[in-house]
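Let's take a walk through the inside of a protein chain, following side chains and aromatic rings. Have the viewer ready.

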Amino acid sequence: MITCSRRIQFCAGHRVHGHEGKCRHLHGHNYVAWFTAESESLDSIGRVVDFSVLKQSLGGWVDQNWDHGFIVWSEDSEALAAMKTMNTQKVFELPTNPTAENMAEYLLRVVGPEQLSGTGVRLVRVRIDETENCSAEALL
């Protein structure tokens, strides 16, 4: 298999419900997501997929749903209540606690298949850099 990767930057807030330290509070990060796609064969000009396809499909989804918003666990009633007091706040309800690991997993298993459907490529790896020093990745 041959792969290609695209880097997407976004800013978002979250909190890690149940965290033992300061990450239990609402806060934000300048995230970097690395999306790696694979294909059985290269296209007629020698690519897995044009990088712009990854930018538009996956980066477009991130921009629309996560960038400059809050990613909140759908069962975190306290955080959701806080967000609802600010009617103009962009909120994405994640079905799991929004750790970097769970965010990477969601992008890999839910967003990737939806956004890349019909392209002939599949997402096989997502790495989320929460900070310059901390990252998590999900692999197929």
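Leaving aside its neighbours within four places in sequence, which residues is Leu107 in contact with? Bear in mind that this is a predicted model. In it, Leu107 touches Phe35, Trp61, Val62, Trp66, Gly112, Leu123, Val126 and Ile128.

That list is a good way into the largest nonpolar core, which has 32 residues. Leu107 is among the residues with the most contacts inside this core, together with Phe10, Phe35 and Trp66. At least two core residues come from each of β1 (2–14), β2 (27–39), α1 (51–65), β4 (91–94), α3 (100–116), β5 (122–129) and β6 (135–139). Helix α3 contributes the most, with eight residues. There is also a second, separate core of five residues, including Phe70, Ala79, Leu80 and Met83. As background, nonpolar side chains in soluble globular proteins tend to be buried together.

Now for the rings. The structure holds eight aromatic pairs. Take Trp66 and Phe92: their ring centres are 5.9 Å apart and their planes meet at 75 degrees, so this pair counts as edge-to-face, the class for angles over 60. Trp66 sits in the loop between α1 and β3 (69–73), while Phe92 belongs to strand β4, so the pair links distant parts of the chain, 26 residues apart. Both Trp66 and Phe92 are buried.

These two rings also have company: ring pairs join Trp66 and Phe92 with Phe10, Tyr31, Trp61 and Tyr106 into a cluster. Trp66 thus turns up once more, having already appeared among the contacts of Leu107.

Note on methods: Residues are numbered from 1 along each chain as its sequence is written. This is a predicted model: local features need pLDDT of at least 70, side-chain atom pairs count only at pLDDT 80 or more; totals for chains, interfaces and linings use all residues. Side-chain values use heavy atoms; hydrogens and water are left out. A nonpolar core is a set of buried Ala, Val, Leu, Ile, Met, Phe, Trp, Tyr and Cys residues joined through side-chain atoms within 4.5 Å. Buried means under 20% relative accessible area, exposed over 50%, partly exposed in between (1.4 Å probe, protein chains only). Helices (H or I, at least four residues) and strands (E, at least two) are DSSP runs, numbered from the N terminus. Contact means heavy atoms within 4.5 Å. Rings of Phe, Tyr and Trp (its six-membered ring) pair if their centres lie within 6.5 Å; planes under 30 degrees apart count as stacked, over 60 as edge-to-face and the rest as tilted.
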